[in-house]
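Thank you all for making time this morning. I would like to walk you through one model, step by step, and I will go slowly for those who are new to reading structures.

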Amino acid sequence: MSEPADEAGLKVVDAFDLDAQLRGLLRPGSVVRDHRGREHKLPRYFYEISSRDDAVRARLAPNFGLNEFIRVDLKEAPRLQEYPKYIPCAVRLLAFYLQRLRERLGASLHVTVNGGYRSPSHRAAVGATPHMWGTAADLYRIGSAILRERGSIEMASRVAEELSEDLHVKPFGHDAGQTDDHIHLFLFYVTGVPREMSEDSGDSPQASPRFAFEEPRRRSDTALPPSDSR
Ligand SMILES: [Zn+2]
């Protein structure tokens, strides 16, 4: 399921180099507070996805395409509903954990619309949420089971929390900070800086646009024996 080695990797951009409208919507480096008043700095490095086809083609993990994390509805700012779309680079880590959870549960995981990346300009945004870092996913279905009652939500939540200390799940319930019709799975507030980028302390548009393409994985360095020969 991996990309051919000669294919260019995803395009990474420094959000400070984007146009004023996008910078205003993505707010790279801005501080947002969570519901308890703790401050978190929004991500600066994003994947830029030029079209729906590219989003479908870009695999973050064997069973997760990038498209699954950028489906938004009308609550997202209009400019962010269009291509090119932007998603923080830390989404790679989320996909890694979701892949492991999928394998542990032995069933496909379905991310809701608006259940992947949500910008700080999203209309439902109230304070910092890992969705703004690309490190949270709302799951509404596991295999063919729709998650809308306590039993299935708590079972899958337990599996996720047992899988890794890095994975957190909002508890089941009907109050604020709880969920009763999906699983809200999240990691830390992770800010990814792809190694292809160089960082500086600037927080204003740069003189010339800077971006990079992720270097394709060199298969010969990392090749495992094919599974049928083990
Ligand atoms: Zn959520």
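**An enclosed strand and its surroundings**

Let me begin with strand S9, residues 136–142, where 5 of the 7 residues are buried, so this strand is largely enclosed by the rest of the structure. Please keep in mind throughout that we are looking at a predicted model.

Which strands does S9 pair with? Strand S8, residues 109–111, pairs with S9 in the antiparallel sense over 3 bridges, and within that pairing His 110 has Arg 141 as its bridge partner in S9. Strand S12, residues 183–186, is also antiparallel to S9 and is joined to it by 4 bridges, with Leu 139 of S9 partnered by Ile 183 in S12. Strand S10, residues 145–146, pairs with S9 as well, again in the antiparallel sense, over 2 bridges, and here Ile 142 stands opposite Ala 145. S9 and S10 form a hairpin with 2 residues between the strands, and in this hairpin Gly 143 takes a positive phi near 60°.

Now let me step back to the protein as a whole, which has 5 helices and 13 strands. Of its 230 residues, 32% are buried. If we take the contacts between residues at least 6 apart in sequence, 69% of them join residues at least 24 apart.

That brings me to the core. In soluble globular proteins, nonpolar side chains tend to be buried together. In this model the largest nonpolar core has 47 residues, and among those with the most contacts inside it are Phe 46, Ile 87, Leu 98 and Leu 139. Helix H3, residues 91–105, supplies the largest share of this core, namely 6 residues. Leu 98 touches Ala 61, Phe 64, Leu 109 and Ala 137, once we set aside residues up to four places away in sequence.

Helix H3 also packs against helix H4, residues 150–163, at an angle of about 120°, with their axes 10 Å apart. Because of that angle, H3 counts as oblique to H4. The residues making the contact are Arg 100, Leu 101, Arg 104 and Leu 105 on the H3 side, and Ala 156, Val 159, Ala 160 and Leu 163 on the H4 side.

Next, a sheet: 4 strands form an open, antiparallel sheet in the order S7-S4-S1-S13. Which strands stand at its edges? They are S7, residues 85–88, and S13, and each has a single partner strand, so one side of each is left without a neighbour in the sheet. Neighbouring strands of this sheet are turned by 35° against each other on average, direction ignored.

We can follow Phe 46 through this sheet, since it is the bridge partner of Val 13 in the pairing of S1 with S4, and its bridge partner in S7 is Pro 88. On the other side of S1, 3 bridges join this strand to S13, residues 211–213, where Val 12 stands opposite Ala 212.

Finally, a single residue: is Leu 25, which is found in helix H1, buried or partly exposed? Leu 25 has 19 other C-beta atoms within 10 Å, and because a residue needs 20 or more to count as buried, it is partly exposed. Its contacts beyond four places in sequence are Ala 77, Arg 79, Leu 80, Ser 119 and Ser 121. Leu 25 and Leu 80 are 55 residues apart along the chain, yet their C-alpha atoms are separated by 8.1 Å.

Definitions and conventions: Residues numbered from 1 in each chain as written. Predicted model: local features only at pLDDT ≥ 70, side-chain atom pairs only at ≥ 80, totals over all residues. Buried ≥ 20, exposed ≤ 12 C-beta atoms within 10 Å, placed from the backbone. Contact = placed C-beta atoms within 7 Å. Core = buried A, V, L, I, M, F, W, Y, C linked by C-beta atoms within 7 Å. Pairing = 2+ DSSP bridges. Axes fitted to C-alpha atoms, helices over the stretch in contact; angles between N-to-C directions. Parallel < 35°, antiparallel > 145°, perpendicular 65-115°, else oblique.
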